[in-house]
Structures are given as structure tokens and as C-alpha cells.
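Dear colleague,

Please find below the structure I am handing over to you, together with its sequence. My findings follow directly after it.

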Amino acid sequence: MSQRLLVLTGYFLRNIFFSLAGSIYVIIALAYWAIFFPPGQGTPDIDNYILIIGAFGAGMTFLATLTIASRAYRSENYPLIVRLPSRVEYITAVFSSAVLFALVLQLLVAGLALIRGPEVSFAQMLEIPPVWISLNIIAAMLALHASDLVASGWSRVVIFGILAILLIGQNLVDRLTAGLADLAGSLSSVFYSQQWVSVANSFGQLSSWFYGSGREILGDVL
């Protein structure tokens, strides 16, 4: 079983590395480094380094998993599927190859970001991989459930996405209500300038509600 997994993983890795999609992902990785870690400025601090590269790894893992899963779902690979004793091996190979591919690009960005970057202690170096890899694994699992290779009629990633939105919204409820209040206040001013007094008063009341009891109610809803 392990030998079959290694062969399949190598097959999918070679397939994406020497493809147009793989080349585009490499270009995206280099562009991400150039934008978020400009060589002329350097990386400001270690926390920023871990966060930004961790986000890149999760996003790249999600995209790479979708790409490899779509290639694995092609009819040209059906002879491989029917010869395997279990479909789980095939899905595991897709999962492993996507995580490894994204990890290579993540390490590429991480290495380039160390140019004029922060000083990383040995203890911090030991703490970083579990954070990055765990995020990549979660992203790969979500992408697999969103792909036609695994999903059957519907995707459970919709549920995961809704839960994530609610969780993030609950943590950012103060900023969310403040932003909605400012937006309602701005619309109220616009309608006042257009002499639409009743509509402007409604948006003004909505703004006051967001600043008052609306914050607590929205937090409870989320």
C-alpha cells in the first residue's frame, strides 16, 4: 500500500510541476513574495512573517488540491482507479501530492522572505512548521470536499464555509457593527443632500441602532 501511495503521489506531483498550472502557481508564489515581502524593505517582524506565509500556504494548498483533484478525476486516469484495491489510496495520493506541492512553494516564499528578514531563533523554527502544516491540511481537506472527485451532488465545504464566516463575524462583531453604522450614517448624509428626508432618517436610526443595541443583538445572532 505504501509503495502504491508513493508512486501515485510522485505521479501527481510530476503532473502538476511540469504543467501550465504548476508554472502559474510558481509565478503566483514569486509575485506574492514580491508584494508582501519587498526585497528593498525586508520583513518587519517574525509574527508578520509567520502570519502572511501561513495564509499563503493555506490558499495555495486549497488551489493546488482543486487542480490535482480535477486532473485525477479525468477519464484518462480511470485505469489507475480500477486497479487499486481501495479508492481511499487514490484520494490519499491526491491529498499528499497537493500538500507537498504547496509546501514546496510555501518554503520557497519563506526562504525568499528571509532576505533582509527577521532573525528567527531555533525555538521559533520548531514552532512554525506545526502551524503552517496544520493550516495546509485543513485547506486540503476543505478543497477535497469541494471537488468532484469526492463530492457527490453537494459539497460539505458550504457548511464549513458558513461556520467559518459566523465564527470570524463573531470575533469581529465590534468592527463589523462599527463599519455598518458608518455606512448607514454615510447613506443618511447622502439622502439628506438629495432631500429624501424620510429615507435619510431611517438610515440615521439604523446607524444609531448599530452603535447601540444592534451590536449585542448581531453578536448573539452570529
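Confidence along the chain is lowest in helix H4 (residues 78-83), where the mean pLDDT is 67, and it is highest in helix H2 (residues 20-36), at 91. The model is a predicted one, and its mean pLDDT over the chain is 82, with 93% of the residues at 70 or more.

The largest pocket

I turn next to the largest pocket, which holds about 200 Å³ of space. The elements that give two or more residues to its lining are helix H5 (87-113) and helix H6 (122-146). Of the elements, H6 gives the most to this lining, with five residues. The residues that line the pocket are Tyr49, Leu103, Leu107, Ala110, Gly111, Leu114, Val120, Met125, Ile128, Pro129, Trp132 and Ile133. Sorted by class, the lining comprises 11 nonpolar residues and one polar residue, with no charged residue. For the class count, Gly is taken as polar, and Gly111 is among the lining residues.

Contacts around Gln106

Which residues does Gln106 touch, once its neighbours within four places in sequence are left aside? Gln106 lies in helix H5 and is buried, with a relative accessible area of 0%. With those sequence neighbours excluded, Gln106 is in contact with Ile53, Gly54, Phe56, Gly57, Trp132 and Asn136. One of these partners, Trp132, also lines the largest pocket.

Two of the partners of Gln106 deserve a separate description. Phe56 belongs to helix H3 (residues 46-72). Phe56 is buried because its relative accessible area is 5%, and the cut-off for a buried residue is under 20%. Phe56 and Gln106 stand 50 residues apart along the chain, and 7.0 Å separates their C-alpha atoms. Beyond its neighbours within four places in sequence, Phe56 is in contact with Ala29, Tyr32, Leu105, Gln106 and Val109.

Gly54 is likewise placed in helix H3, and it is buried, with a relative accessible area of 1%. Apart from neighbours within four places in sequence, Gly54 is in contact with Gln106, Trp132 and Leu135. Trp132 thus appears among the contacts of Gly54 and among those of Gln106. Along the chain, Gly54 and Arg71 are 17 residues apart, and their C-alpha atoms are separated by 26 Å.

Further positions in H5 and H6

Ile91 is another residue of helix H5. With neighbours within four places in sequence left aside, Ile91 is in contact with Leu144 and Val150. From Ile91 to Ala140 the separation in sequence is 49 residues, while the distance from C-alpha to C-alpha is 11 Å.

Is Met141 buried or exposed, or does it fall between these two classes? Met141, which is found in helix H6, is partly exposed, with a relative accessible area of 36%. This value places Met141 in the middle class, because that class lies between the cut-offs of 20% and 50%. Met141 and Thr65 are 76 residues apart in sequence, and the distance between their C-alpha atoms is 8.5 Å.

Helix H10

The last element to report is helix H10 (residues 213-221), in which Gly214, Leu218 and Gly219 are buried. Seen down the axis of H10, these buried residues fall within an arc of 130°, so they line one face of the helix. Glu216 and Asp220, on the other side of H10, are exposed. What, then, covers the buried residues of H10? The covering elements include helix H8 (173-193) and helix H9 (197-211).

With kind regards

Terms used:
Residues are numbered from 1 along each chain as its sequence is written. This is a predicted model: local features need pLDDT of at least 70, side-chain atom pairs count only at pLDDT 80 or more; totals for chains, interfaces and linings use all residues. Side-chain values use heavy atoms; hydrogens and water are left out. Buried means under 20% relative accessible area, exposed over 50%, partly exposed in between (1.4 Å probe, protein chains only). Helices (H or I, at least four residues) and strands (E, at least two) are DSSP runs, numbered from the N terminus. The arc is that of the directions from the helix axis to the C-beta atoms. Contact means heavy atoms within 4.5 Å. pLDDT is the predictor's confidence in each residue, from 0 to 100. On a 1 Å grid over the protein atoms alone, a cavity is a set of points where a 1.4 Å probe fits but cannot get out, and a pocket is an open set with protein on both sides within 12 Å along at least five of seven lines; lining residues have an atom within 4 Å of a point. Grid points are joined across faces, edges and corners, and a volume is the space filled by probe spheres set on the points.
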